[in-house]
Each structure stands twice: as C-alpha cells, then as structure tokens.
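Welcome, and thanks for taking a look at this one with us. Please have the sequence and the model open side by side as you read.

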Amino acid sequence: AASLGDYGNVSVLEVTGGFDAKNPDGTVNSAAREAVAKEFLKTHKDEYDFLVFFTNFDYAMPSEGEAKAFYLGVKNDTHGIGKDLFDNSVAFGSGRLQGVIDVGDLASVVTDPLDPKFNETLFILSHEVMHRWGAKPLFKTADGSLSSALLGRDQDHWSFLLDSGGSVMYGNRWQDNGNGTFTSTTPQNEMKYYSPLDLYLAGMIDKSKVPPMLLIDSPGTDPARLPEAGVTITGTARTVTIDDIIAAMGPRVPDATTSPKTFKTAFIYLTRPGTFAPQDIYGIENIRNGFVTRH
C-alpha cells in the first residue's frame, strides 16, 4: 500500500496484491488490511476507532452472493456482550483501532443521496459497524441452561424468530395473531434501526431501557432466514429479558455510564496503481455525509 494523499475527507491509497476477504486456505486475509492500516497511520494520527474501505476494483467477499460488505474486528475490550476479549491492534499499527469495514467496489453501491436505494448503502455501514458489539449474546433459560436461540445467520445476527423491532442486525417485527400463529411485518428494506438490545450491547443505553423481547419457539422455521414481510408461522411465544442475557453473559463492562458514545472513523479509497479518478471522491463524500448525519 502507498498513500496518494487526502482528497477532502477521504484518504486515497494505491494497493497491489490480493485483496480478497479470505486467503486460499479459507482464513481471513487480515494481512492486506493490516498493510493498508499501517500505511494510512504513517500520515495520520492514531485516533481512529474504525477504518472504512472502498475500492475501485472488485474482489471476493467472505460469502459470495450473500455478503455485500464485512467487518473485521481488530480489538474487543468489552465484557458481557458475548465476544471474546482480544487485541490485534499492534498488527494494524495502532493502539486504538477497534475494527475495519470493507464496503467493496465503489461501483457496486449507490452513492447518489437522491436515489431511493442510497438508504441501502447507509444500511450496509450501520450493519457492519454494529458487528463491533453484536450480535452474539446467549441467554439463560428457566432451567438454568444457556441458549443461543437469539442468534440466526452465522450465529452473528439476530434470529428470524426474534422480534428485533426491525434491527439492522436482522430479526423481524412479529404480530401475534392470537391463535398460535405469528406474522412478520418488517420487510428487509425497512431495517433502519438499532434495537434497544443493539444499543445496550454498544454501550449506548442502560439495561433498564431494554424491554422484554418476543422470541418465537417454532422448530420448523430456520432461524438463519433473512427478514421477510408477510411470513406466517406457527409457534409458541417466549419472552427473553435483558436480565436473562446478563445472567448468561455477565454485565456489560464498561456500562452505559462510562462507555464511549462517539467514535472516529476514517474513509479510505483503495485504488490499483495509476487508476485513481478524483471524481470518485464525490460519491464517497456523499456516503460519509449521509452516515454522519443519519439518525
């Protein structure tokens, strides 16, 4: 990686070599991200929590045909969220960095704020940032055992059967029909929110702000399904509380009174040598501005 400089609020680097999300042996291609981070931090202060990568070339995501972006954790120092503690920040040339986000080829995302699909681009970023803290927690059941029933796809997103209020981390909104059936009411393009549970895991709100959650026990339904409106299933309503989660995971440390509430993010454009087109910066600036001002 070699820095070309900052253009507006975007840092531009030239990169050579393979940038696929995974190596041929199936392991995560962390080395390529480490090289970019180290080069970026040669000319910038070590004050960033997240780095967001866009490219002007295509490369393979972790699950081709499914993942449009991915989050690579660099550090987790938060207890009680279901994630192991680790710190690989030195390998990225940093003492602060928490994670990096690959959004992929800039040409593959909508960059025009006037396009109705621009919201999908902001959803991708909101989703990947939330992977810093979720979705991993288990909960303790009435018989004292630990359950992963809150979790769905890759055990890293909310279950299709959880009423997540339309969280960016999947799940659904569910209507109880009162006859042993439930109907989903949140289509995928309305996943705009961080749920109370998301916000608790991210350290934004106290546990007292997380209401009891509906989780449907429906053995014939795949919990890894993506959110979908108008699906009716049979099942039994179960209630999961934040206290059930804390009983399994322990309290979040640091708690909401002391956890960070603001995070600094760098937007980085990666190009192949000799191919940088300055006009591309406008699209990334649009995404950055939309993300910063999103509520």
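Here is a short tour of a sheet, a helix that packs on it, and a pocket.

## The sheet

A word on the source before we start: this is a predicted model. Its open sheet is built from six strands with mixed pairing, and reading across gives the order β1-β2-β17-β3-β7-β4. At the edges sit β1 (2-7) and β4 (70-73), each of which pairs on one side only. Direction ignored, neighbouring strands of this sheet are turned against each other by 25° on average.

Let us zoom in on one pair of strands. β2 (residues 10-14) and β17 (residues 265-271) run parallel and are joined by five bridges. If you would like a residue to click on, try Ser11, whose bridge partner in β17 is Ile268.

## A helix on the sheet

Which strands does helix α2 touch? Helix α2 (residues 118-130) packs on the sheet and touches β3 (50-55), β4, β7 (99-105) and β17. The direction of α2 makes about 150° with that of β7.

## The second largest pocket

Now for some empty space. The second largest pocket holds about 840 Å³, and 31 residues line it. Nearest its centre lie Val129, Phe263, Thr265, Phe291 and Val292.

Where does the lining come from? At least two residues each are supplied by β2, α2, β17 and α5 (280-292). Sorted by class, the lining of this pocket has 18 nonpolar, seven polar and six charged residues.

Note on methods. Residues numbered from 1 in each chain as written. Predicted model: local features only at pLDDT ≥ 70, side-chain atom pairs only at ≥ 80, totals over all residues. Heavy atoms only, no water. Pairing = 2+ DSSP bridges. Helix = DSSP H or I, 4+ residues; strand = E, 2+ residues; numbered from the N terminus. Axes fitted to C-alpha atoms, helices over the stretch in contact; angles between N-to-C directions. Contact = heavy atoms within 4.5 Å. 1 Å grid on protein atoms, 1.4 Å probe; cavity = no way out; pocket = protein on both sides within 12 Å on 5 of 7 lines; lining within 4 Å. Points joined across faces, edges and corners; volume = space filled by probe spheres on them. Nonpolar A, V, L, I, M, F, W, Y, C, P; charged D, E, K, R; others polar.
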